[in-house]
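Here is a short briefing to read alongside the structure. Keep the viewer open and follow the topics in whatever order suits you.

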Amino acid sequence: MNKLQDWPEPIVRVQSLSDSGIPLIPERYVKPILQRPSVNPTTSNDVNIPVIDLARLYGDDHALRATILDQISIACREWGFFQVINHGVSPQLMDRAREVWRQFFHSPMEVKQAYANTPKTYEGYGSRLGVEKGAILDWSDYYFLHYLPLPLKDYNKWPAITADCRAVLDEYGKQLVELCGKLMKVLSINLGLGEEQLQNAFGGENIGACLRVNFYPKCPQPDLTLGLSSHSDPGGMTLLLPDSNVPGLQVRKDGNWITVKPVPHAFIVNIGDQIQVLSNATCKSVEHRVMVNSSEERLSLAFFYNPRSDIPIEPLKELVAPDRPPLYPAMTFDEYRLFIRMRGPCGKSQVESLKSPR
Ligand code: OGA
Ligand code: NI
């Protein structure tokens, strides 16, 4: 029996629930008390994740370049999250990509249902992560599609709601792959490795890249639920384009939740579990979650840059020493990803559970 063939129960679109105007959310979405958004104090509103300007990363000013590398190094070790500005991706393209997706989620339900997904590949229009029957669900719908590796890229599974939408999404993917490539070099240098080494450990050219667009409808009882439960990203690195108007993303820092204040046209970069593993925990894959609210919907584009899915990922030998033993056993990303696809978002339990007993 393949548990990932179909959903364990009929799919309910959160957007339809929200649009129906119900005053109370169904019990399926009510989180246990300890997971609700108000639990755990949030830090003062002035705190934000680091904002890093990449404009001079490729200039001739070596001191300035070293400073930028340092800022990224600290952010990867201490936060696992940072925002980048002057990153080279066209701001018009970022706006256009957001518009395409907003239009998709505001299309008639029959149009969206034509792209309904299954847990087999998750590609298409979805409303849950994980296949556990009776699970408590998150207050969001999403769309998931592949860019890389090329054999997985299937335009039939991409929405075709406007004449230019596939071209926009294609160009968006292309520019983000490029930015991820640049950041991979920076991370590699910061780990004391050659510029290409981290990318090579990802499988060189045959890496994975996919997009999950998250749609968080208005919620009549936002204090009882979450738009996305606490999780760390299972892949390599994530570039998140958050909603330009509506906050919601929270990042865990020293036991508190910090609400990210997005800078206009910045990307939020975060380290995923695979880079935590390859770096032998020098770079941190940090827990995050999304709150919803009763007055505004929220849309975000999460672009995942992943290692090739069929090669073993383990701490790089350069980062292992007698006093720094490898913290994780080797595992392919295909094997690793199955866990989240079965169980849904689960804090940091997965990468923690890998830790070799010593
Ligand atoms: C994700 C994610 C955050 C957001 O898709 O993995 O963490 O703000 N999204 O939607
Ligand atoms: Ni995430």
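What follows covers the ligand shell, the sheets, the helix contacts and a few backbone details.

Please keep in mind that this is a predicted model. Two open sheets are described below: one has eight strands with mixed pairing, and the other has four strands with antiparallel pairing. Helix H5 (residues 165-190) packs against helix H3 (residues 91-105), and the axis of H5 also comes within 10 Å of that of helix H2 (residues 62-79).

**Ligand shell**

- Around ligand 1 you will find Arg-212, Asn-214, Leu-228, Asp-233, Leu-240, Pro-242, Gly-248, Leu-249, His-288, Val-290, Ser-300 and Ala-302.
- Three elements give two or more residues to this shell, namely strand S5 (208-216), strand S11 (288-290) and strand S12 (298-306).
- Sorted by class, the shell around ligand 1 holds six nonpolar, four polar and two charged residues.

**The sheet of eight strands**

- Reading across this open sheet, the strand order is S1-S2-S10-S7-S12-S5-S4-S3.
- The edges are taken by strand S1 (51-53) and strand S3 (124-126); each has a single partner strand, so one side of each is left without a neighbour in the sheet.
- On average, neighbouring strands here are turned by 25° against each other, with direction ignored.
- Inside the sheet, strand S7 (residues 237-241) and strand S10 (residues 267-271) run antiparallel and are joined by four bridges.
- To find your place in that pair, look for Met-237, which stands opposite Ile-271 in S10.
- For viewing any such strand, it helps to recall that side chains in a regular strand alternate between the two faces of the sheet.

**The sheet of four strands**

- This open sheet has the order S6-S11-S8-S9.
- Its edge strands are strand S6 (228-231) and S9, each of which pairs on one side only.
- From one strand to the next, the twist averages 25°.
- Strand S8 (residues 249-253) is joined by four bridges to strand S9 (residues 256-259), and the two run antiparallel.
- S8 also runs antiparallel to S11, with three bridges between them.
- Gln-250 is a handy landmark: it stands opposite Thr-259 in S9 and opposite Arg-289 in S11.
- The hairpin of S8 and S9 has two residues between the strands, and in it Asp-254 takes a positive phi near 50°.

**Helix H5 with H3**

- The axes of H3 and H5 lie 10 Å apart, and the helices pack at an angle of about 130°.
- H3 and H5 are therefore oblique to each other.
- Their crossing is left-handed.
- On the H3 side the contact involves Leu-93, Arg-96, Ala-97 and Val-100, while H5 supplies Cys-165, Val-168, Leu-169, Glu-171, Tyr-172 and Gln-175.
- Seven nonpolar, one polar and two charged residues make up this contact of H3 with H5.

**Helix H5 with H2**

- H2 and H5 cross at roughly 80°, their axes coming within 10 Å.
- H2 and H5 are therefore roughly perpendicular to each other.
- Leu-69, Ile-72, Ser-73 and Cys-76 of H2 meet Val-186, Leu-187, Ile-189 and Asn-190 of H5.
- The contact of H2 with H5 divides into six nonpolar and two polar residues, with no charged residues.

**Backbone details worth a look**

- The peptide bond from Leu-148 to Pro-149 is cis, and its omega is near -5°.
- Pro-149 sits in the loop between strand S4 (141-148) and H5.
- Tyr-122, a residue other than glycine, has a positive phi near 70°.
- You can locate Tyr-122 in the loop between helix H4 (109-113) and S3.

Notes. Residues numbered from 1 in each chain as written. Chains lettered and ligands numbered in written order. Near = placed C-beta within 6 Å. Nonpolar A, V, L, I, M, F, W, Y, C, P; charged D, E, K, R; others polar. Axes fitted to C-alpha atoms, helices over the stretch in contact; angles between N-to-C directions. Parallel < 35°, antiparallel > 145°, perpendicular 65-115°, else oblique. Left-handed = near helix turned anticlockwise from the far one by under 90°. Contact = placed C-beta atoms within 7 Å. Pairing = 2+ DSSP bridges.
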